[in-house]
Amino acid sequence: AAAIGAAAALANSAHARRRARRAAATPGAAAEKEETKAELVAVSMDAPLDGRLGVAIQEGRRTISSLKHEGAFAAGWRIGDVIVEVNGQATDDSCPEARRPKDTTRGMLRMTPGAGGALTVPMLDLVKQLLVDFPIVLFLDGTVRLPNGNLSALAARILANADVGFKAIDCSDERYNPGVREAVEALAGEYALPQLYVGGQRIGNGYDIDALEKEGKLMVRLELAEQMAPNPAACA
């Protein structure tokens, strides 16, 4: 979705600009009967606010419901703003009322029942669909509780401390996830694990995850992915 792709760019942009549609004040009681007018307001942010966007986005919409950081007001955000553009890219209006409810659960996913036999759908296609179904997906070596390797352990710990819901897949489990390691390699362009995907976009390997977390940019991506992920099924 354009909203997710553009939102991910927010964390990398040195000078991110967002445009919000804001209801224009019209004097007089008669204004209540008139069609609500709106103005476009550009909101620029040079950097995240303590690693976050600084606002809360109402579930099911792109409407700012509250300001979570004192710097958000100074940046130009106002309660009631509707996000219509992120870094020059329009947000998706094709299904404005349909957004996936925030999923705060965390858990390991299995790609097959583990019964063996040939897959009817290529594993690469299953992995791609997984990235559509869930906003935050971590492919790692081992499990979240028992990771194999320092980088997989680091990625799992960072996500756990971020207080967001996410799904994880053990790429070393050939019984339930046969061929996942190769599919992730084809998708990511490298064999290294872990690999983190947020909003359908690749964040990177363990070193990339660690660097973004230290720069305070990772939380922005995680927060936006959770709050703005579209629900394709509701638009069908």
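This is a conversation about one sheet in a predicted model and the helices lying across it.

Modeller: In this predicted model, local features need pLDDT of at least 70 and side-chain atom pairs count only at pLDDT 80 or more, while totals for chains, interfaces and linings use all residues. Residues are numbered from 1 along each chain as its sequence is written, and side-chain values use heavy atoms, with hydrogens and water left out.

Colleague: What makes β7 and β9 a pair?

Modeller: Two strands pair if DSSP finds at least two bridges between them, strands being DSSP runs of E with at least two residues and helices runs of H or I with at least four, numbered from the N terminus. Since 3 bridges join β7 to β9 (residues 166-170), they meet that definition, and they run parallel; in one of these bridges Gly107 has Lys167 as its partner.

Colleague: Why is β11 called an edge strand?

Modeller: Both β7 (106-108) and β11 (201-204) pair on one side only, in an open sheet with mixed pairing and the order β7-β9-β8-β10-β11.

Colleague: How do you know that β10 and β11 pair, and what lies between them?

Modeller: They are joined by 3 bridges and run antiparallel, so the requirement of at least two is met. Tyr197 stands opposite Arg202 in β11, and the hairpin has 2 residues between its strands, with Gly199 in the turn having a positive phi of about 60°.

Colleague: Which strands does helix α5 lie across?

Modeller: Helix α5 (residues 180-188) lies across β8, β9, β10 and β11, at about 65° to β10; contact means heavy atoms within 4.5 Å, and angles run from 0 to 180 degrees between N-to-C directions of axes fitted to C-alpha atoms, for helices over the stretch in contact.
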